[in-house]
Amino acid sequence: MSFLHPHPAIIVTEPDFERLFALAQSLKPRQPNVADMLDSELNRASLVPPQSVPGDVATMGSHLVFGYEHSRKPHWLSLVWPDEADLESAKISVGTPVGAALIGLREGQSIAWSMPSGQRRAITLHKVAYQPEREGRYDV
């Protein structure tokens, strides 16, 4: 999997960056394509302290509304760490292609990537309905 150009500018909190970097390294043997996506995101991310992250940025633990390019239907999910993922509860791991694509996006930004099959995927972040940092939570 690789991102298609252009890449939107993204913002990641400093603590999330450290954990995301470690996650990308751990994914390399099992999911090299997702690891590469996450690495690509982290390599171009602007880092900020958690208390300085804008409220319209997708951070870990955020509740998000997004849409796929091929569908007008909105999707709701919470962006979580792999051990918290639960699709029945709409908790998607940042260690998946969609999760890796969403991290750091701001409302209104879109990103596209190609799957190993060559199929193109694109999503747009519509709304950050909840962000832990807005409530002073920096430990998610």
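## Close-up views of a predicted model

**View 1. Helix 1 and helix 2 lie roughly antiparallel to each other.** The model here, as in every view below, is a predicted one. Helix 1 covers residues 14-27 and helix 2 covers residues 32-43. Their axes come within 8 Å and cross at roughly 150 degrees. Anything over 145 degrees counts as roughly antiparallel, so that is the label this pair gets. As for handedness, the crossing is left-handed. On the helix 1 side, the contact is made by F17, L20, F21, L23, A24, Q25 and L27. Helix 2 answers with P32, V34, A35, L38, D39 and L42.

**View 2. E18 sits in helix 1 and is exposed.** Its relative accessible area comes to 54%, and the cut-off for exposed is over 50%. To place E18 against the strands, try I111: the two residues are 93 apart in sequence, and their C-alpha atoms are 22 Å apart in space. I111 turns up again in the view of strand 7 and strand 8, where its bridge partner is I123.

**View 3. Strand 4 and strand 5 make a hairpin.** There are 5 residues between the two strands. They pair in the antiparallel sense, with 5 bridges holding the count. If you want one pair to look for, take F66, which stands opposite H75 in strand 5. Strand 4 takes in residues 63-68, while strand 5 spans 74-80.

**View 4. Strand 4 also pairs with strand 8.** This pairing is antiparallel and has 6 bridges. Which residue of strand 8 is the bridge partner of Y68? The partner is I123. I123 is also the bridge partner of I111, so keep an eye on that residue when moving on to the next view.

**View 5. Strand 7 and strand 8 run antiparallel, paired over 5 bridges.** Strand 7 is residues 110-114 and strand 8 is residues 120-130. Two pairs are worth picking out: I111 has I123 as its bridge partner, and W113 stands opposite R121. The hairpin has 5 residues between the strands, and among them G118 takes a positive phi near 95 degrees. Is strand 7 largely enclosed or largely open? Because 4 of its 5 residues are buried, strand 7 is largely enclosed by the rest of the structure.

**View 6. Strand 5 and strand 6 run parallel.** The two are joined by 3 bridges. One pair to find is S78 with its bridge partner in strand 6, K91. Strand 6 itself is residues 91-93.

**View 7. The loop between strand 5 and strand 6 holds both L87 and A90.** L87 counts as exposed, at 72% relative accessibility. For a sense of where L87 lies, its C-alpha is 20 Å from that of P132, a residue 45 places away in sequence. A90 is partly exposed, with a relative accessible area of 32%. What is the phi of A90, which is not a glycine? The angle is positive, about 60 degrees.

**View 8. S93 belongs to strand 6 and is buried.** The relative accessible area of S93 is 8%, and buried means under 20%. The side chain of S93 reaches the backbone nitrogen of G95 at 2.8 Å. Leaving out residues up to four places away in sequence, S93 touches L79, V80, W81, P82, A85 and G99.

**View 9. E135 lies in the segment after strand 8.** Is E135 buried or exposed? At 55% relative accessibility, E135 counts as exposed. A useful partner to display alongside is Q51: the two residues are 84 apart along the chain, with 9.5 Å between their C-alpha atoms.

Note on methods. Residues numbered from 1 in each chain as written. Predicted model: local features only at pLDDT ≥ 70, side-chain atom pairs only at ≥ 80, totals over all residues. Heavy atoms only, no water. Buried < 20%, exposed > 50% of the residue type's maximum accessible area, 1.4 Å probe, protein only. Polar contact = N/O pair within 3.5 Å; in protein donor to acceptor, adjacent residues only side chain to side chain. Contact = heavy atoms within 4.5 Å. Pairing = 2+ DSSP bridges. Axes fitted to C-alpha atoms, helices over the stretch in contact; angles between N-to-C directions. Parallel < 35°, antiparallel > 145°, perpendicular 65-115°, else oblique. Left-handed = near helix turned anticlockwise from the far one by under 90°.
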